[in-house]
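Visitor: I'd like a close look at one part of this protein, namely the empty space inside it. Could you walk me through what surrounds that space, and then work outwards from there?

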Amino acid sequence: MAATPDPASTGVRTLIPARIDRLPWSPFHTRMVVALGVAWILDGLEITVASAVADTLTKPETLNMSSAAVGLLATVYLAGEVVGALFFGSLSDKLGRRNLFMLTLAVYLLGSGLTALTLGNGAGWVVFLYATRFIAGMGIGGEYAAINSAIDELIPARYRGRVDIAVNGTYWAGAVLGTIGTYILLNKMDLALGWRLGFLIGPVLGLVILLVRRHLPESPRWQIMHGRSDAAEKSIAQIEQEVEHGGRSLPPVDEKKAIEVTPAERIGYVALARVLFREYPSRAVLGASLMISQSFLYNAIFFTYTLVLGKFYGVSSEATPIYLIAFAVGNLVGPFALGHLFDTLGRRKMISGTYVVSGVLLAVTAVLFHAGALNALTQTIAWCVIFFFASAGASAGYLTVSEIFPLEVRAKAIAVFFAIAQCFGALGPVIYGALIGTGEHPVRLFVGYLLGAAVMIAGGLVARFLAVDAEGKSLEDIAQPLAAAGRRGRTRAEGASSPFST
């Protein structure tokens, strides 16, 4: 492991952030987004496959597990995501984005691939199954922290909002892929083989992407902040050369945009808490509010939608994949259709707007549901419209926590807010499952829908007052690096203590 650079060493004057932000869109950026953005496709695919094969795993010809034991698989996977985000998020800030987005994908490939090798239903094999789901979850959780950091640091500022939102929205492309794949495998093949092949869809895709990622450079921003000036210059030169070979000319760099930094100190989670709540309290509240509200709504609706279709509308379990595809398409289209507006109309208007509009639409749907005015088709259409806006807003939550904190703590900050969101989001299916019950008391679900609407509207109102107007701005202008020499000089002059002091 590389030694920690001396934080007292001489500062380095650099134009690397400005050189990244001046780049026109090029095949390099497209390749990078495809190679890194697959993380969300894999997560959507994994969760959908696990949901689709849940009933299959209870059958005697497969693993003959109880419903409770199968349900625990989802909990173990989500727990793995939280642990992976925190563990690999810390390593990403310490060891670099490229090292981690290679490692986390390899961990996912190992975990999900081994899941398919569960050969029996004895106690040992059940433990093996849970362990592999936890490992797969760790890999995907680590992907969230490492990939969001890398994308934000390599995408020019004027494209960052739409790209980040679109990439996060591709989770639902994974959901569609997982639904179609498992539907074919479970209906056209022997069940004992079909469910195993379902868990291999992701690793096959991931293995191809792993080969593409091998040729991506390290984040020059991360390198320069960690005292690796020569490596940073080599990385940015490689990117610029590839852009120019694509036929694009590069405008001159404004020398006034140079910043001076000193090598970064290592920052643990305790020090991170000091940074978040001492230097950025309103941003910490904003990030937590956006991530918690969207996670609660999504987990509540997504994990119980089949129950609603079955208990209240009489849809058979065999037909529910058709409704899921429609639901997923609505979620996928939203970020792509609305993403550019986050860079043009601005973060504040669009984040608050998507959260509030989705909350209001959910409240209207709740009233229609309570009045008995909906059927399975119109309920699904209502969900598609609601989550057209909610999906863009949820993606903007990830965008927000990845761009409003200093580079040195970016991956760990993403990991912390992701973990917080998952913990609160896990309450959604429990609460809504209890409200749905046997389907005999629709008024309970009506109240649940109003609760979800209130949560989203509250998140939107927080964004209205606390959102950071980050559109078109360099990451260093949004949150000056902790290693910036000018920042440290001001801190010393003002007599303030370092956020890392003990």
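Guide: Sure. Let's start with the largest cavity: 22 residues line it, and Tyr-144, Tyr-171, Gln-294, Tyr-298 and Tyr-398 are the ones nearest its centre. Bear in mind that this is a predicted model. The space in the largest cavity comes to about 360 Å³. By class, its lining splits into twelve nonpolar, eight polar and two charged residues.

Where do the walls come from? At least two lining residues of the largest cavity are supplied by each of α2, α3, α6, α7 (171-188), α13 (281-302), α18 and α19 (410-425). Helix α13 gives the largest share, five residues. Now bring in the domain assignment, which gives domain 1 (12-235) and domain 2 (267-484). Both domains give residues to the lining of the largest cavity, so the cavity lies between them. The C-alpha centres of the two domains are 20 Å apart, and their contact takes 46 residues from domain 1 and 49 from domain 2.

Two of the tyrosines at the centre of that cavity, Tyr-171 and Tyr-298, turn up again in the aromatic picture. Ring pairs join Tyr-171, Trp-172, Tyr-298, Tyr-305, Phe-327, Trp-383 and Phe-387 into a cluster. The structure as a whole has 22 aromatic pairs. Take Phe-327 and Trp-383: their ring centres sit 6.1 Å apart with the planes at 80°, so this pair counts as edge-to-face. The pair ties together distant parts of the chain, with Phe-327 in helix α15 and Trp-383 in helix α18 (residues 376-403), 56 residues apart. Both of these residues are buried.

There are two cavities of 30 Å³ or more in the structure, so let's not skip the other one. The second largest cavity has a volume of about 50 Å³. Its lining consists of Leu-286, Leu-290, Arg-347, Ile-351, Thr-400, Glu-403, Ile-404, Ala-467, Val-468 and Ala-470. Two or more of those residues come from each of α13, α17 (347-370) and α18. In terms of class, the lining of the second largest cavity divides into seven nonpolar, one polar and two charged residues. Helices α13 and α18 are also on the list for the largest cavity.

Next, an open space to set beside the closed ones. The second largest pocket has a volume of about 250 Å³. It is lined by 15 residues, with Val-33, Ala-166, Val-167, Thr-170 and Phe-336 nearest its centre. The elements giving two or more residues to this pocket's lining are α2 (27-52), α6 (157-169) and α15 (320-338). The largest share, five residues, comes from α2. By class, the pocket lining has ten nonpolar, four polar and one charged residues. It also draws at least three residues from each of domain 1 and domain 2.

To finish, here are two single residues away from that list. Ser-112, in helix α4 (residues 97-115), is buried, with a relative accessible area of 0%. Leaving aside neighbours within four places in sequence, Ser-112 is in contact with Glu-46, Arg-133, Ala-136, Phe-199 and Pro-203. Asn-64 sits in the loop between α2 and α3 (67-95) and is partly exposed, at 44% relative accessible area. Its backbone is worth a glance too: phi of Asn-64 is near 55°, a positive value in a residue other than glycine.

Notes:
Residues are numbered from 1 along each chain as its sequence is written. This is a predicted model: local features need pLDDT of at least 70, side-chain atom pairs count only at pLDDT 80 or more; totals for chains, interfaces and linings use all residues. Side-chain values use heavy atoms; hydrogens and water are left out. On a 1 Å grid over the protein atoms alone, a cavity is a set of points where a 1.4 Å probe fits but cannot get out, and a pocket is an open set with protein on both sides within 12 Å along at least five of seven lines; lining residues have an atom within 4 Å of a point. Grid points are joined across faces, edges and corners, and a volume is the space filled by probe spheres set on the points. Helices (H or I, at least four residues) and strands (E, at least two) are DSSP runs, numbered from the N terminus. Ala, Val, Leu, Ile, Met, Phe, Trp, Tyr, Cys and Pro count as nonpolar, Asp, Glu, Lys and Arg as charged, and the others, Gly among them, as polar. Domain bounds come from an automatic or database domain assignment. Rings of Phe, Tyr and Trp (its six-membered ring) pair if their centres lie within 6.5 Å; planes under 30 degrees apart count as stacked, over 60 as edge-to-face and the rest as tilted. Buried means under 20% relative accessible area, exposed over 50%, partly exposed in between (1.4 Å probe, protein chains only). Contact means heavy atoms within 4.5 Å.
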